[in-house]
Every structure is written in structure tokens, then in C-alpha cells.
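Work through the exercises below with the sequence and the structure at hand. Each task is followed by its solution in steps.

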Amino acid sequence: MPLNVQAVGLSYPPTAPYVVSAAKIREFADAVGATDPAHRDAAVARERGYGDVIAPPTFAVLIAQQCDAQFVADPDMGVDFSRVVHGQQTFQHHRPLTAGDTVIGVLHVDSIKLVAGNAMVTTRSDLFVDDELVTTATSMLVVRGEDA
Amino acid sequence: MTVRTATSVTKGDVLPGRTISVTRATLVRYAGASLDFNPIHWDERTATSVGLPDVIAHGMFTMGAAATIATEWAGDSGRVVSYTTKFVGPVVVPHDGGAEVILGGTVTAVDLETRRVTVELTATCEGAKVLGRALAVLQLD
């Protein structure tokens, strides 16, 4: 089944809440080599005015990919996951994600472009904490065509 | 750690870079931390079956590692207002020895009114670009 180009403009229901933990922030910071003590020491983070340890700027991808999974796994979309390549990624932060945040993501399909047999799909995950928009993560996924 | 001031920054300033070693263990650790378990990032049989030369690093791993160049320079990783990149080339990570990725950054814009500074980050592997037009906007003091 080819990719469903009718999906442009579609939004998915809010995701189940994801609770950001200090342990996950530390794991993620270790994994990308982020040495800022504000990822590990709540006292340092509080001194800078944050409520608790803060996540590195790309941590939001963890939640955004859970949002994207709704689109990729949607049987109505016709996405062959083995043909998906990550083309581009953008984050806009209103504040850093912080330990203790309960995050709800809302996925939007912003555009689908067909280029040389490939589909370029732009999805946007708006991440909310207590109804406040904290981060927007925009992903461009390239779905390679059958002959590409 | 004090946060850098926008007035101390000039367009063209070069940020301290570094070379990182990326091994299969690095990728397994990132997979676990990010919950991205796509097997092309740790299983070479899967990677080669979809036409890749070998296991490749997560694009988001390199994006995350490159961010540290900007955040360490800024003095607070919570100051990233926006961060964008294209993924233009893979980091191929062989079983033996892994790969080396060279990270760097240059200031491309300074807005003294908002105290926001734009940094273009770079990541190269075997002489080829991994990230394309990687721009981080930082809110400085």
C-alpha cells in the first residue's frame, strides 16, 4: 500500500502521560556525553532557577518518537518502517524539560511531499506539561519508495 | 558555572571542539537511554540487509553529542531555545575500533537586543559531514 498523502493536517489524540525522571535524564546525558551538572545535581539546577535536574536539549526526542510511532504504526498510513530514514529534526524549547514533568504529546502531520519516488513526511509533536506548551519537536521522515 | 554574556560574543567566534569515539557500546547505551531500538544501530546483519555498509549511529545520537559543544560553551544546557539539523551522512560504526566523530561550532549571529546567539554546529566522520545546517539558538545573559 502506498503512503496515504491524505494524512496532511491530521492530528492524533494526546499520548499517555510520560513522567520525566531524574534517572532517565542522567542516563540520557551520559549517553550523549553531556557533562553539565544540572543534568545530575538538583541543587545545581535549582541554583540556576530550575525546579529540578533538567534534560539535555535533544531529550525530547524520546517522547516525540513515541508520538511519531502513532503515525508510523497507523495501518491507514501505509508506512513501511524498514524504509523510514530520519531526514531532519528541529526542537523549539520554551523551557527545558525537567525531572517531575508529566508530559503529554500531541502529534500533527504537517506536510507530505513526494520527491523522486520518496515521501518526505513532516510531523510535529507538541509537548505539554500542565497544558503549557514546553517543547515542539518537528521531524522530517523520508519514506523511501519501492524503487528508491 | 556562569552563563556566557551575549556582549562577550562576536560573530565568527569559534567554540572549543572535540573528537569523540563512537563504538557499538556507545550506540547500545544511546539506544537504551533514548528508547530507540532500531536494530540498524546495533545489529550489522540487519544494517547490511537494508543496504547500509555496516551498523550506523543514530542521527539523534550525533545531534545530541554536538549540542554539548554549544551548551558547555554557553554555561547552561537549559539555554537552548531552538536546535535544528539535517542528517546528511551516516556515522558508520564497525565492530572493531568504532568511529571517530569531530565536533565543532562557530557563532553565526548575535542579537544583543534579545541576547540570543546562533551557533552553527558541525560533526564530521571520515572527512564527511554528518549533520547539515545544524543551528542552535542560545539565550545568553
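**Exercise 1. A residue in the core**

Task: Which residues does Ala66(B) contact, leaving aside its neighbours within four places in sequence?

Solution. The model is predicted. Start at Ala66(B) and skip the neighbours within four places in sequence. The contacts are then Leu103(B), Leu121(B), Ala123(B), Leu131(B) and Ala134(B). Next, place Ala66(B) in its wider setting. The largest nonpolar core has 76 residues, and Ala66(B) is one of the two with the most contacts inside it, with Ala60(A) as the other. Last, ask which element gives the most to this core. That is α3(B), with ten residues.

**Exercise 2. Two chains, two outlines**

Task: Set out the order of elements in chain A and in chain B, then add extent, burial and contact range for each chain.

Solution. Take chain A.
- Count the elements: three helices and five strands.
- Read along the sequence: β-α-α-α-β-β-β-β.
- Take the extent: the C-alpha trace spans about 55 × 30 × 20 Å along its principal axes.
- Take burial: 37% of the 148 residues are buried.
- Take contact range: of the contacts with a separation of 6 or more, 70% come from residues 24 or more positions apart.

Now take chain B.
- Count the elements: three helices and six strands.
- Read from the N terminus: β-α-α-α-β-β-β-β-β.
- Take the extent: about 55 × 30 × 20 Å along the principal axes of the C-alpha trace.
- Take burial: 41% of the 141 residues are buried.
- Take contact range: 67% of the contacts between residues at least 6 apart join residues at least 24 apart.

**Exercise 3. The side of chain A that touches chain B**

Task: How many residues of each chain are in contact across the two chains, and which element of chain A gives the largest share of its side?

Solution. Count first: 29 residues of chain A are in contact with 29 residues of chain B. Then look for the elements. In chain A, α1 (22-32), α3 (61-72) and β2 (84-93) each supply at least two residues of the side that touches chain B. The largest share, eight residues, comes from β2(A). Finally, sort this side by class: 13 residues are nonpolar, 13 are polar and three are charged.

**Exercise 4. Following the strands**

Task: Trace the pairing from β2(A) to β2(B) and on to β6(B).

Solution. Begin with β2(A). Five bridges join this strand to β2 (residues 80-87) of chain B, and the two run antiparallel. Check the partners in β2(B). Phe91(A) bridges to Tyr83(B), and Gln92(A) bridges to Ser82(B). Now move on within chain B. Six bridges join β2(B) to β6(B), again an antiparallel pair. Here Phe87(B) has Leu131(B) as its bridge partner. Leu131(B) is also among the contacts of Ala66(B).

**Exercise 5. One face of a helix**

Task: Why can the buried residues of α1(A) be said to line one face of the helix?

Solution. List them: Ile25(A), Phe28(A), Ala29(A), Ala31(A) and Val32(A) are the buried residues of α1(A). Look down the helix axis. The buried residues fall within an arc of 160°, so they line one face of α1(A). Then find what they pack against: α1 (24-34) and α3 (59-74) of chain B. Just after the helix, Gly33(A) takes a positive phi of about 75°.

**Exercise 6. Positive phi outside glycine**

Task: Where do Asp131(A) and Arg133(B) lie, and is each buried or exposed?

Solution. Recall the background: most residues other than glycine have a negative phi. Asp131(A) is not a glycine, yet has a positive phi of about 65°. Asp131(A) sits in the loop between β4 (118-129) and β5 (132-143) of chain A. For exposure, the cut-off is 12 or fewer other C-beta atoms within 10 Å. Asp131(A) has 6 within that distance, so this residue is exposed. Turn to Arg133(B), whose positive phi is near 50°. Arg133(B) lies in strand β6 (residues 131-139) of chain B. With 12 C-beta neighbours inside 10 Å, Arg133(B) also counts as exposed.

How values were computed:
Residues are numbered from 1 along each chain as its sequence is written. Chains are lettered from A and ligands numbered from 1 in the order in which they are written. This is a predicted model: local features need pLDDT of at least 70, side-chain atom pairs count only at pLDDT 80 or more; totals for chains, interfaces and linings use all residues. Two residues are in contact if their C-beta atoms, placed from the backbone, lie within 7 Å. Helices (H or I, at least four residues) and strands (E, at least two) are DSSP runs, numbered from the N terminus. Ala, Val, Leu, Ile, Met, Phe, Trp, Tyr, Cys and Pro count as nonpolar, Asp, Glu, Lys and Arg as charged, and the others, Gly among them, as polar. Two strands pair if DSSP finds at least two bridges between them. A residue is buried if 20 or more other C-beta atoms lie within 10 Å of its own, exposed if 12 or fewer, and partly exposed in between; C-beta atoms are placed from the backbone. The arc is that of the directions from the helix axis to the C-beta atoms. A nonpolar core is a set of buried Ala, Val, Leu, Ile, Met, Phe, Trp, Tyr and Cys residues joined through C-beta atoms within 7 Å.
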